[in-house]
Amino acid sequence: MSNISTSEISRLQTTLRRLLGAKGLSVNAPPRPGLSVELAVDGEVIGTIHRDDDEGEVSYAINIILLEEDLPPPV
């Protein structure tokens, strides 16, 4: 795993907002080195983004975390 640059963070945010139709989505740099880049919607962190560089091919993996307590009640 590699660090995600400031330029990549900006490009990821633009692309994810477009793909997901979520203007309130933000990609946030880690608060300190060694931590993950955060994915947030309207200021609430919902997951992390990780960068993988495998023999020159770069990809990004998004891990979204939803707590059961945040789900609507069962019907």
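In this predicted model, strand S3, which covers residues 44–54, and strand S4, which covers residues 57–64, pair in the antiparallel sense over eight bridges. Within this pairing, Arg51 stands opposite Tyr60 in S4, a pair of residues that will return below when the helix is considered. The hairpin that S3 and S4 make has two residues between the strands, and in it Glu55 takes a positive phi near 55°. This backbone value is found there although Glu55 is not a glycine. Glu55 has its place in the loop between S3 and S4, and it counts as exposed because its relative accessibility of 79% lies over the 50% that the term requires.

On its other pairing, S3 is joined to strand S2, residues 37–41, by five bridges, and these two strands also run antiparallel. Two of the facing positions can be followed by eye in the structure: Leu39 stands opposite Gly47 in S3, and Ala40 stands opposite Val45 in S3. The hairpin of S2 and S3 again has two residues between the strands, with Asp42 taking a positive phi near 50°. Asp42, too, has this positive phi although it is not a glycine. The loop between S2 and S3 is where Asp42 is placed, and with a relative accessible area of 67% this residue is exposed.

Taken together, four strands form an open sheet with antiparallel pairing, and their order is S1-S2-S3-S4. Which strands stand at the edges of this sheet? Strand S1, residues 25–28, and S4 do, and each of them has a single partner strand, so that one side of each is left without a neighbour in the sheet. Neighbouring strands of the sheet are turned against each other by 25° on average, if direction is ignored. Helix H1, made up of residues 6–20, packs on the sheet and touches S1, S2, S3 and S4, while the direction of the helix makes about 160° with that of S1. When reading such a sheet residue by residue, it helps to keep in mind that in a regular strand the side chains alternate between the two faces of the sheet.

One residue of the helix allows a more detailed view of its surroundings. Glu8 is found in helix H1, and it is buried, because its relative accessible area of 9% falls under the 20% that sets the limit for this term. Leaving aside the neighbours within four places in sequence, Glu8 is in contact with Asn3, Arg51, Val58 and Tyr60. Among these contacts are both members of the facing pair named at the start, since Arg51 stands opposite Tyr60 in S4. By contrast, the C-alpha atoms of Glu8 and Ile65, which are 57 residues apart along the chain, are separated by 22 Å.

The path then leads to the segment after S4, in which Leu66 lies. Is Leu66 buried or exposed? At 65% relative accessibility it counts as exposed. Leu66 also belongs to a nonpolar patch on the surface, which is formed with Ile62, Ile64 and Leu71 and has about 400 Å² of accessible area for the four residues together.

Definitions and conventions: Residues numbered from 1 in each chain as written. Predicted model: local features only at pLDDT ≥ 70, side-chain atom pairs only at ≥ 80, totals over all residues. Heavy atoms only, no water. Pairing = 2+ DSSP bridges. Patch = residues over 30% accessible without salt bridge, like charges linked within 9 Å, V, L, I, M, F, W, Y side chains within 5 Å. Areas by Shrake-Rupley, 256 points an atom, 1.4 Å probe, with all protein chains shown as cover. Salt bridge = Lys/Arg side-chain N within 4 Å of Asp/Glu carboxyl O. Buried < 20%, exposed > 50% of the residue type's maximum accessible area, 1.4 Å probe, protein only. Axes fitted to C-alpha atoms, helices over the stretch in contact; angles between N-to-C directions. Contact = heavy atoms within 4.5 Å.
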